[in-house]
Protein chains: 2
Amino acid sequence: MRINSLVATLMTTGLMTFTAISPSFCLPRVTSQVSLTRKNSILIKKNNPKDSLPNSLFTVGIGGGLIGGLYDGFYPYKSLKEHGNFGLGAPDKLDGEIIVFEGKVYKAQHTGKTVPVEDQDMTSFAMVNFFRAERTLTPPKGLNKTAFFHYLDSVLTNVNGMYAIHIKGKFKTMKTRAFPPVKAHQHTPLAEMLNLQQFFNYKDCQGDLIGYRLPYFMDNTNISGYHFHYLSDQKDNGGHVIDLLTDDIVIEIDTLDSYTIQPPATKDFEHFDFKKNREEDIKSVERGGKN
Amino acid sequence: MRINSLVATLMTTGLMTFTAISPSFCLPRVTSQVSLTRKNSILIKKNNPKDSLPNSLFTVGIGGGLIGGLYDGFYPYKSLKEHGNFGLGAPDKLDGEIIVFEGKVYKAQHTGKTVPVEDQDMTSFAMVNFFRAERTLTPPKGLNKTAFFHYLDSVLTNVNGMYAIHIKGKFKTMKTRAFPPVKAHQHTPLAEMLNLQQFFNYKDCQGDLIGYRLPYFMDNTNISGYHFHYLSDQKDNGGHVIDLLTDDIVIEIDTLDSYTIQPPATKDFEHFDFKKNREEDIKSVERGGKN
């Protein structure tokens with residue numbers, strides 16, 4: 001059993017959000033109000049002038065490593081922001097959930113508080129890009145998570161494409177989660193810490209979803225399928241999205257055409273076994289998952 | 001059965017070279033004559049001035065896609081050379097094997113001829129980097145492929161590290177292979193075309209091996225383990241290395257710290273099924289493999 005299977009299981013058991021990609025799916029009785037807007041990328045996109053691949057996703061850390069217990073931060077947010085103004089990730093010691101939005105980095109903690117991070121603070125895994133809204137969509141109201149993902153599938157037609165997705169608006173309900181911090185050098189696999197997750201249920205809230213839909217072939221290094229983090233308008237709460245019910249929202253899509261991965265330059269990473277059979281971990285996730 | 005398993009099988013059946021990474025292995029009765037040389041990277045390395053990640057591996061195409069039949073070139077060598085002066089790959093329509101060496105791109109064809117490519121010619125899959133020799137090793141003579149890879153394993157101690165490897169020198173024997181071109185839009189999986197491979201056996205030859213050892217977590221997108229292409233001193237023959245016996249050689253190592261992948265922006269790629277069960281393909285490789 002490889003890590004990608006574990007990732008899928010973690011997602012379906014509530015540790016991470018996930019849905020199958022079925023781009024041809026069209027919801028019955030849902031009228032899509034799609035408005036396509038092509039904007040001038042030169043004006044909108046804030047590229048790192050040093051990047052030769054501007055429309056690229058930049059990832060630090062390996063997703064399978066984080067799932068397997070590599071929680072120690074190794075990459076400062078100051079450096080991360082040089083590669084993107086939009087994204088998500090995990091903080092040093094798994095102390096909450098990271099949201100990168102409009103060039104600022106926030107940490108949604110298990111206490112329910114969301115705070116800005118310091119430039120010198122570290123992430124153990126994060127992905128960012130310079131977001132350019134190349135398409136703007138206005139979906140119908142009242143979509144639950146499944147309907148919302150099916151709606152996105154109906155417009156993101158390349159199953160092997162990489163999409164950065166920004167949603168702004170009102171939500172009837174929003175359920176997020178955040179993990180409490182682990183101890184220094186603690187490497188308990190994430191699947192064994194499901195009971196530590198803290199869940200938060202917000203009603204009639206307003207804010208932003210920051211996330212991606214990534215293709216299956218990126219599953220070992222990133223996390224395939226949909227993956228969103230939430231940040232409230234007041235930047236005072238957020239977290240990893242577990243469930244939602246939309247109200248008035250606007251969706252912005254940025255299609256990416258390449259990606260870069262910078263693995264950790266740490267001793268823990270050097271010794272991490274990417275071939276390890278994690279079947280037992282999956283069972284414990286299935287037993288211990290809260291939803 | 002996922003593509004990574006197929007890749008491993010293809011390698012072990014002779015379609016691609018492969019060996020398990022066992023970094024702690026030391027050959028009995030082999031005295032390693034290792035000389036470490038740290039050079040000034042500023043003087044040696046020819047970086048793309050636009051690259052913000054200079055010590056990076058750049059890949060166009062997805063390895064699993066090539067294995068599964070995506071042979072149509074989509075990325076010109078002129079662009080490829082902007083991302084590296086050293087590397088390997090596959091030409092448009094699988095017409096031989098690509099070697100990138102000292103900033104020039106060569107195609108070793110199934111006819112036995114090796115020729116320079118044109119800038120506007122296309123690759124379907126290639127990986128390149130700007131090579132800097134950060135370590136130089138002089139191994140004992142007379143290593144067969146297994147002993148040679150074990151020797152490399154004994155010095156490349158990070159099993160999750162990415163290493164570009166250049167070998168210059170004399171070889172007692174060198175066995176390479178190259179595929180003949182497929183037809184336009186032909187997507188027969190590589191595993192079903194093993195009988196078309198052309199093998200070449202060179203004796204007491206002199207030239208360069210250009211290659212990589214990549215970690216297991218890159219298996220779906222690149223090809224993990226060792227992977228070498230050969231180019232003769234006269235640049236008149238070469239190909240994908242199937243077997244070898246070393247004579248006097250010098251090994252140069254360049255440790256890479258990040259990698260970028262640019263998937264094909266083609267309709268064929270959009271419709272490629274990375275989840276497909278390729279177990280039958282593997283059986284046909286096992287039946288049809290020439291060695």
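Helices (H or I, at least four residues) and strands (E, at least two) are DSSP runs, numbered from the N terminus. Residues are numbered from 1 along each chain as its sequence is written, while chains are lettered from A and ligands numbered from 1 in the order in which they are written. The model is predicted, so local features need pLDDT of at least 70, side-chain atom pairs count only at pLDDT 80 or more, and totals for chains, interfaces and linings use all residues; side-chain values use heavy atoms, with hydrogens and water left out.

**View 1. His185(A) has a positive phi without being a glycine.**
Start in chain A, in the loop between strand E10 (162-178) and strand E11 (198-214), which is where His185(A) sits. Its phi is about 60°. Most residues other than glycine have a negative phi. His185(A) is exposed, with a relative accessible area of 60% (buried is under 20%, exposed is over 50%, and partly exposed is in between, using a 1.4 Å probe and protein chains only).

**View 2. Leu94(B) also has a positive phi and is not a glycine.**
Over in chain B, look at the loop between E4 and strand E5 (97-101), home of Leu94(B). The phi of Leu94(B) is near 60°. With a relative accessibility of 4%, Leu94(B) counts as buried.

**View 3. Asp248(A) and Lys141(A) form a salt bridge.**
A salt bridge here is a side-chain nitrogen of Lys or Arg within 4 Å of a carboxyl oxygen of Asp or Glu. For the side chains of Asp248(A) and Lys141(A), the N to O distance is 3.6 Å. The two partners come from distant parts of the chain, 107 residues apart: Asp248(A) belongs to strand E13 (residues 238-256) of chain A, and Lys141(A) to the loop between strand E9 (135-138) and helix H5 (145-155) of chain A. Asp248(A) is partly exposed, at 40% relative accessible area.

**View 4. Lys81(B) and Asp119(B) bridge two loops of chain B.**
Here the N to O distance of the salt bridge is 2.8 Å. Lys81(B) is in the loop between helix H4 (77-80) and strand E4 (86-91), and Asp119(B) is in the loop between strand E7 (114-116) and strand E8 (122-129), so the pair ties together parts of chain B that are 38 residues apart in sequence. Both ends are partly exposed: Lys81(B) has a relative accessible area of 28%, and Asp119(B) has 33%.

**View 5. Lys267(B) and Glu270(B) pair up within a helix.**
Their side chains meet in a salt bridge at 3.4 Å, N to O. Both residues are in helix H6 (residues 267-270) of chain B, and because they are three residues apart there, about one helical turn separates them. Lys267(B) is exposed at 56% relative accessibility, whereas Glu270(B) is partly exposed at 21%. Elsewhere, in chain A, salt bridges with shared partners join Asp72(A), Asp92(A) and Lys93(A) into one network. Over all chains the count comes to 20 salt bridges.

**View 6. His229(B) is a buried strand residue.**
His229(B) belongs to strand E12 (residues 225-232) of chain B, and its relative accessible area is just 1%. A polar atom of the His229(B) side chain lies 2.8 Å from the backbone oxygen of Ile98(B). The His229(B) side chain also makes a polar contact of 3.5 Å with the side chain of His227(B). Polar contacts are pairs of N or O atoms within 3.5 Å; within protein, one must be able to donate a hydrogen and the other to accept it, and residues adjacent in sequence count only if both atoms are side-chain atoms. Beyond its neighbours within four places in sequence, His229(B) is in contact (heavy atoms within 4.5 Å) with residues including Leu88(B), Glu97(B), Asp208(B) and His240(B).

**View 7. Chain B meets chain A.**
Across this interface, 30 residues of chain B are in contact with 30 residues of chain A. About 2800 Å² is buried, 57% of it from carbon and sulfur atoms; buried area is the accessible area (1.4 Å probe) that two parts lose on being put together, summed over both. The interface has zero salt bridges, but it does have seven residue pairs in polar contact (both at pLDDT 80 or more). On the side of chain B that touches chain A, strand E14 (258-262) and H6 each supply at least two residues. E14(B) gives the largest share of that side, five residues. The residues of that side divide into 13 nonpolar, 11 polar and six charged; Ala, Val, Leu, Ile, Met, Phe, Trp, Tyr, Cys and Pro count as nonpolar, Asp, Glu, Lys and Arg as charged, and the others, Gly among them, as polar.

**View 8. Strands from the two chains pair up.**
Strand E14 (residues 258-262) of chain A and E14(B) pair in the antiparallel sense over three bridges; pairing needs at least two bridges found by DSSP between two strands. Tyr259(A) stands opposite Ile261(B) of E14(B).
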